[in-house]
Amino acid sequence: NICRSPMAEAVFQHLVDQAGLSDQIEVDSAGTNAVNRGGPAHPGTRDVLHRRGIAYEGRARQVSLADVDEADYLIAMDYENLDTLKRATWPRDLNGKLHLLLDFAPEISTHEVPDPICDGKFENVYSLVEAGCRGLLDHIRAEHNL
């Protein structure tokens, strides 16, 4: 998780901070595999965030069963990661906490946030991530009366 996940973590944390909800909402990200574990976010991700004044100092890590058990929401960027999370957590009942990020952005015509590592389209990914994060925050605020 060096591209999309840390970008979503940083954007969502930024929105949570702006809304004054950082004492009520905890934000974290993790990948579905151990590749790049301990490494910083991709330079393209860091650049996009920096240009928008959004800080991010996190390091890549792999999602754990403790994360799954403790989280209220598990957000995947694409169907492959969604399926990986389902398989890795079976037979746990996820109680509706597993979603695609863009489930929260119905105005976006795609359901998946593409991985910018191959094509370098970090700006496009940022636009999708921001829309999904805004929708997710709206959803959480409505669901939890925040």
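Here are a few notes on the cores, helix 2 and T89 in this predicted model.

1. Ground rules first. Residues are numbered from 1 along each chain as its sequence is written, and side-chain values use heavy atoms, with hydrogens and water left out. As the model is predicted, local features need pLDDT of at least 70 and side-chain atom pairs pLDDT 80 or more, while totals for chains, interfaces and linings use all residues.

2. The largest nonpolar core (buried Ala, Val, Leu, Ile, Met, Phe, Trp, Tyr and Cys residues joined through side-chain atoms within 4.5 Å) has 35 residues, and M7, V11, F12 and V129 touch the most other members. Helix 1 (4-18), helix 2 (43-51) and helix 6 (122-143) each supply at least two of its residues (helices are DSSP runs of H or I, at least four residues, numbered from the N terminus). Helix 6 gives the most, 10 residues.

3. Leaving aside residues up to four places away in sequence, F12 touches I25, V27, C133, L136, L137 and I140 (contact: heavy atoms within 4.5 Å).

4. On helix 2, G44, T45, V48 and L49 are buried (under 20% relative accessible area, 1.4 Å probe, protein chains only). Down the axis, the buried residues fall within an arc of 130°, so they line one face (the arc uses directions from the helix axis to the C-beta atoms). Their cover includes helix 1 and helix 6. After the helix comes G53, with a positive phi near 70°.

5. Have a look at T89 in helix 4 (residues 79-89). T89 is buried at 2% relative accessible area, and a polar atom of its side chain sits 2.7 Å from the backbone oxygen of L85. Beyond four places in sequence, T89 touches L65, V68 and L94.

Note on methods:
Buried < 20%, exposed > 50% of the residue type's maximum accessible area, 1.4 Å probe, protein only. Polar contact = N/O pair within 3.5 Å; in protein donor to acceptor, adjacent residues only side chain to side chain.
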